[in-house]
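Here are my notes on this entry. Please read them with the structure open.

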Amino acid sequence: MKEKTIGHLACFVAYAIFGINIIVCKDLTSSRLISPIALFCLRSLGAGLLFWLISCFLPKEKVEKKDYGKILSASLLGFFLTQVTFLVAIPDITPMDCSIVSSLSPIYTMFIAAYVLKEPITLRKAGGVVISFIGIIYLIMNSVTGTGGTTQTSFNGILLMIANSLCFSLYLGLFKPVITKYSVITFMKWIFLYASVFSLPIAIHELMAFDYSLLSGTYLSELAFLIICSTFITYFLIPLGQKRIRPTLVSMYSYVQPIIAIVISIWLGMDTLSWQKVLAAVMVFGGVVMVNYSRSAKG
């Protein structure tokens with residue numbers, strides 16, 4: 001019982017940070033000062049350095065040769081593709097629309113579980129998928145402006161956020177065996193090493209040529225939050241949760257993310273609440289609850 005409590009608490013805190021992360025990334029990427037891939041590279045290098053530094057003070061854990069390829073794939077899917085699609089999408093989607101779309105993650109996890117674990121898709125689950133899909137279509141019809149921007153949503157922004165949620169759901173569903181096999185620090189230090197290898201050759205020229213004096217105190221604070229809180233802390237907490245509770249329950253905590261992101265974005269004037277968005281959110285969340293209700297009730 002104690003282990004499950006730790007797992008639930010870790011996931012709650014991680015997704016609460018993800019909710020704040022939407023707002024921080026929105027402001028940072030909308031400045032267009034630094035490209036998404038360069039920003040991703042800074043996250044990989046910063047968080048990776050922290051994980052490798054901590055590992056120096058812990059007992060050395062050997063990784064089996066057969067698992068290096070799995071960890072590389074997990075890094076590509078769960079961090080590189082997930083975060084790059086997010087960073088490219090966020091300038092062209094409002095925080096509210098972003099959080100609504102990202103809440104579809106449990107539905108993707110359901111399909112992955114059905115394929116990998118052979119769990120049946122019931123009529124209730126199918127109905128929930130249909131309702132959430134209608135909600136997303138309704139959101140697109142009432143949010144997309146065609147251009148994107150700080151307070152606008154484009155179709156590309158929504159499409160990339162769907163890809164973002166799908167990649168992270170695949171990561172949660174496919175790599176639990178290797179995640180649970182090693183300590184969080186060991187697993188994440190290799191995840192971020194591979195992520196740095198993916199991104200550094202692409203971003204190195206921009207990072208070396210960039211005039212860092214252009215970053216104001218606010219942007220530097222946001223960058224620090226992005227590396228330390230949104231990357232290092234969250235990617236430490238999520239594997240901690242994955243070791244103790246099922247992937248579907250981990251993804252269920254995506255509900256925390258939109259609540260925090262929507263409240264903060266409205267408070268800061270980055271988004272506005274309309275009845276169309278409320279209706280779309282009700283359909284999306286309602287469908288997700290239908291999909292996961294019977295499974296989540298089992299804990």
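1. A contact here means heavy atoms within 4.5 Å. With that in hand, look at the spread of contacts along the sequence. In the protein chain, 91% of the contacts with a separation of 6 or more join residues 24 or more positions apart. Keep in mind that this is a predicted model.

2. The secondary structure is quickly told. The protein chain has 13 helices and zero strands. Read from the N terminus, every element in the run is α.

3. Next, burial and surface. The chain has 299 residues, and 53% of them count as buried. The exposed area of the protein chain is about 13,400 Å². Carbon and sulfur atoms supply 73% of that area.

4. One helix pair deserves a look. Helix H7 spans residues 155-174 and helix H10 spans residues 217-242. They pack at an angle of about 45°, with axes 11 Å apart. The two helices are therefore oblique to each other. The crossing of H7 past H10 is right-handed. On the H7 side, Phe168, Tyr171 and Leu172 make the contact. On the H10 side, Tyr235, Ile238 and Gln242 do so. By class, the residues of this contact are five nonpolar, one polar and no charged.

5. Is Ser196 buried or exposed? This serine lies in helix H9, residues 184-209. Ser196 has a relative accessible area of 10%. The cut-off for buried is under 20%, so Ser196 counts as buried. Leaving aside residues up to four places away in sequence, Ser196 touches Ser44, Leu45 and Pro201.

Note on methods. Residues numbered from 1 in each chain as written. Predicted model: local features only at pLDDT ≥ 70, side-chain atom pairs only at ≥ 80, totals over all residues. Heavy atoms only, no water. Helix = DSSP H or I, 4+ residues; strand = E, 2+ residues; numbered from the N terminus. Buried < 20%, exposed > 50% of the residue type's maximum accessible area, 1.4 Å probe, protein only. Areas by Shrake-Rupley, 256 points an atom, 1.4 Å probe, with all protein chains shown as cover. Axes fitted to C-alpha atoms, helices over the stretch in contact; angles between N-to-C directions. Parallel < 35°, antiparallel > 145°, perpendicular 65-115°, else oblique. Left-handed = near helix turned anticlockwise from the far one by under 90°. Nonpolar A, V, L, I, M, F, W, Y, C, P; charged D, E, K, R; others polar.
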